[in-house]
Amino acid sequence: MKSDEETVGIFLGFGDFVNMVLEDVTESEIIPEGRRITKLDQVLLNGNNIPMLVPGGQGPEI
């Protein structure tokens with residue numbers, strides 16, 4: 001993401017504007033106290049906020 005956030009999940013599909021649907025999602029965000037991990041069942045990501053895709057990449061270490 002454009003912020004200090006990383007989103008990892010199983011890619012389900014995308015639309016005309018590269019909006020993406022992911023399932024079994026892990027969001028990792030760097031905060032002053034360390035790292036915050038959030039688990040979600042499914043998300044829709046706005047394509048404007050996605051600067052890079054890493055197919056088959058490793059998720060954040062928990």
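**Strand pairing and nonpolar core in the predicted model**

In strand E2, Leu22 is the bridge partner of Phe11. The model in which this pairing is found is a predicted one, and the description below follows the strands outward from that pair. A second position of the E2 pairing is that of Thr26, which stands opposite Val8. Taken over their whole length of contact, E1 and strand E2, the latter spanning residues 20-31, are paired in the antiparallel sense through 8 bridges. The two strands form a hairpin in which 5 residues lie between them, and within this turn Val18 adopts a positive phi of about 60°.

On its other pairing, E2 is joined to E3 by 11 bridges, and these two strands likewise run antiparallel. They too form a hairpin, here with 2 residues between the strands, and among the bridged pairs is that of Ile31 with Gly34, the latter in E3. The resulting arrangement is an open sheet of 3 strands in the order E1-E2-E3, with antiparallel pairing. Strand E1 (5-14) and strand E3 (34-45) stand at the edges of the sheet, and because each has a single partner strand, one side of each is left without a neighbour in the sheet. When direction is ignored, neighbouring strands of the sheet are turned against each other by 10° on average.

The largest nonpolar core consists of 6 residues, namely Met20, Leu22, Val25, Val43, Leu45 and Ile50. E2 and E3 each supply at least two residues of this core, and the most is given by E2, with 3 residues. Leu22, the bridge partner of Phe11, thus also belongs to this core. For Val25, another of the core residues, the contacts that remain when residues up to four places away in sequence are not counted are with Thr7, Val8, Gly9, Thr38, Lys39, Leu40, Asp41 and Val43. Val8 in this list is the residue that stands opposite Thr26 in E2, whereas Val43 is itself a member of the core.

A polar residue of the central pairing was also examined. Ser28 has its place in strand E2 and has a relative accessible area of 3%, so that this residue counts as buried, the limit being under 20%. The side chain of Ser28 makes a polar contact, at 3.0 Å, with the side chain of Arg35.

Conventions:
Residues are numbered from 1 along each chain as its sequence is written. This is a predicted model: local features need pLDDT of at least 70, side-chain atom pairs count only at pLDDT 80 or more; totals for chains, interfaces and linings use all residues. Side-chain values use heavy atoms; hydrogens and water are left out. Two strands pair if DSSP finds at least two bridges between them. Helices (H or I, at least four residues) and strands (E, at least two) are DSSP runs, numbered from the N terminus. Axes are lines fitted to C-alpha atoms, for helices over the stretch in contact, and angles run from 0 to 180 degrees between N-to-C directions. A nonpolar core is a set of buried Ala, Val, Leu, Ile, Met, Phe, Trp, Tyr and Cys residues joined through side-chain atoms within 4.5 Å. Buried means under 20% relative accessible area, exposed over 50%, partly exposed in between (1.4 Å probe, protein chains only). Contact means heavy atoms within 4.5 Å. A polar contact is a pair of N or O atoms within 3.5 Å; within protein, one must be able to donate a hydrogen and the other to accept it, and residues adjacent in sequence count only if both atoms are side-chain atoms.
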